[in-house]
Structure formats: structure tokens, C-alpha cells
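Visitor: I would like to learn how to read a protein model feature by feature. Could you take me through one?

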Amino acid sequence: MVEWKLHSVPFLGKAHVEFEETHIAEVPDLSLVSIAFSSNRRGELEQALQDSLGLALPSPGRSEMAADGSIGLFWMAPDQLLALASGQESDQTLLDHVRNVTGNAGYYTNQTDNWCALRLGGNLAMPALERVCPLDLHVSVFPMGSVARTVMEHIHTVIHRENERQFLLLSPSSSAQSFMHAITASLRNVSV
């Protein structure tokens, strides 16, 4: 009997594009887990995250990263977080880890296959984003660690500022090609 084994394939084939020392690249090894919790379990969840990962619950519009960089939390909405981790052996690994750490304090959903992740960084990152993002991304308004939900080129987007000139962008996997095209076109337009 033949045994079939499935392999995940990056949405954009590990795309990487450069324009004048600015790059946009797919982040194919990012695992994502949504954490929802009721307000009466907030303290329990917060304590579990602090005790096991040294992480505080992020405040609105912010993110928290573990000291070793292994896991991050994005504030997504009241009583909803997004956990992220790179280089996981499998998507189930992060889901199991979060569930083991926080127990019954929340409700967990694997979101890895629902989102395409792009990392945009370099001198032209801000000018390119200014053309397609309606948010004020100036570092004084949107400092390092900020996270927001927005729309870019009619596509739902989560944007996270990793440093002054680098952003992590999440868009629905169903529109990955269109999103990559929009960001690439914007980069191309500001690079001339």
C-alpha cells in the first residue's frame, strides 16, 4: 500500500524581491495561533503567560515578544490575541505549546494556513507603505512593537513594526498573490 505524505508549500513560493536596498520577502516558516478568552479568565491567562513565557498581555495596538524571541503576541481585539512563532516543526507544535502553557484560560485556533506573511524592510519601506496604507506609520505615532489591523489595496492586513525600517505584514492567504503584487508595485513606484 502506498503511503502518502503531505508537505506544506509556501503561498508565494518563498518570494523575495529587492529594490534599491529594500526587500520584501515571504516568511514561510511562521506559525500563528489565535487566542480568544473571556474577560473573567483574563487574569488566569495573563498569569499563565507571565509564569511560563515571561510575557505580559499586550496592550491595545501593541505586541509583546519573549526575551529569547521564540514567541510573540499581537493584540488583535479586546479579549483576542495572535501568537506567532518562527521555525516551528509544525503548526500543531505552536498550538499545543500555547494550549499547554495557558490551559483552559482561552480558546485556540490554528491560523497558520489562513495568513500569508511578508517582511518589508529597508530605506523604501516607509515610502512604499505610505502609498498603500491609510495609517500614520511615522515612528512617533507607530513605534517599534506597534501592531494594527488595516486595509491595503482593499485587502485586510495586519501590520507590525519590527524596527524603524522593517515591518511584518499579514494578509489572508486567499489574496497572497494580489497582496504581494500591491506591495511590489508600490516599491517599484517609489524606487524610480
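Guide: Gladly, and let us begin with a pair of strands. Strand S1 (residues 16-19) and strand S2 (residues 22-26) run antiparallel and are joined by four bridges. Keep in mind that this is a predicted model.

Visitor: Which residue in S2 stands opposite His16?

Guide: Look across the ladder for the partner: His16 faces Ala25 in S2.

Visitor: And what does the turn of the S1 and S2 hairpin look like?

Guide: For a hairpin, count the residues between the strands and then check the backbone angles. S1 and S2 have two residues between them, and Glu20 in the turn shows a positive phi of about 45°.

Visitor: How many bridges does S5 make with S4, and in which sense do the two pair?

Guide: Strand S4 (residues 63-65) pairs with S5 in the antiparallel sense, over three bridges. One pairing to find on screen is Met65, whose bridge partner in S5 is Gly72. These two strands also form a hairpin, with six residues between them, and Gly69 in that turn has a positive phi of about 75°.

Visitor: What joins S5 to strand S6?

Guide: Five bridges do, and S5 and S6 (residues 80-86) run antiparallel. Ala77 stands opposite Gln80 in S6. The hairpin of S5 and S6 has two residues between the strands, and there Asp79 takes a positive phi near 65°.

Visitor: Why is S5 said to be largely enclosed by the rest of the structure?

Guide: Here the general idea is to go through the strand residue by residue and compare relative accessible area with the cut-off, where buried means under 20%. In S5 (residues 72-77), five of the six residues are buried, so the strand is largely enclosed by the rest of the structure.

Visitor: Can we try the same reading on a loop residue? Is Pro58 buried or exposed?

Guide: Pro58 sits in the loop between helix H1 (42-53) and S4. Its relative accessibility is 2%, so Pro58 counts as buried. Next, ask what surrounds the residue. Leaving aside residues up to four places away in sequence, Pro58 touches Ser63, Glu64, Leu73, Phe74, Trp75 and Leu81. Sequence separation and distance in space are worth reading together: Pro58 and Ala148 are 90 residues apart in sequence, and their C-alpha atoms are 12 Å apart.

Visitor: Where does Ile155 lie, and what does Ile155 touch?

Guide: Ile155 belongs to strand S10 (residues 155-163). With a relative accessible area of 9%, Ile155 is buried. Not counting residues up to four places away in sequence, its contacts are Thr150, Ser171, Pro172, Ser175, Ser178 and Phe179. As for a distance, Ile155 and Leu53 are 102 residues apart along the chain, with 33 Å between their C-alpha atoms.

Visitor: Now let us step back. How many helices and strands does the protein chain have?

Guide: The secondary structure comes to four helices and 11 strands. To judge compactness, set the radius of gyration beside the value expected for the chain length. Here the radius is 17 Å, close to the 16 Å that the globule rule gives for 192 residues, so the chain is as compact as a globular protein of that length. Along its principal axes the C-alpha trace spans about 60 × 55 × 30 Å.

Visitor: What share of the residues is buried, and what share of the contacts links residues 24 or more positions apart?

Guide: Buried residues make up 47% of the 192. Of the contacts with a separation of 6 or more, 59% come from residues 24 or more positions apart.

Terms used
Residues numbered from 1 in each chain as written. Predicted model: local features only at pLDDT ≥ 70, side-chain atom pairs only at ≥ 80, totals over all residues. Heavy atoms only, no water. Buried < 20%, exposed > 50% of the residue type's maximum accessible area, 1.4 Å probe, protein only. Pairing = 2+ DSSP bridges. Rg over C-alpha atoms; globule rule 2.2 N^0.38 Å. Contact = heavy atoms within 4.5 Å.
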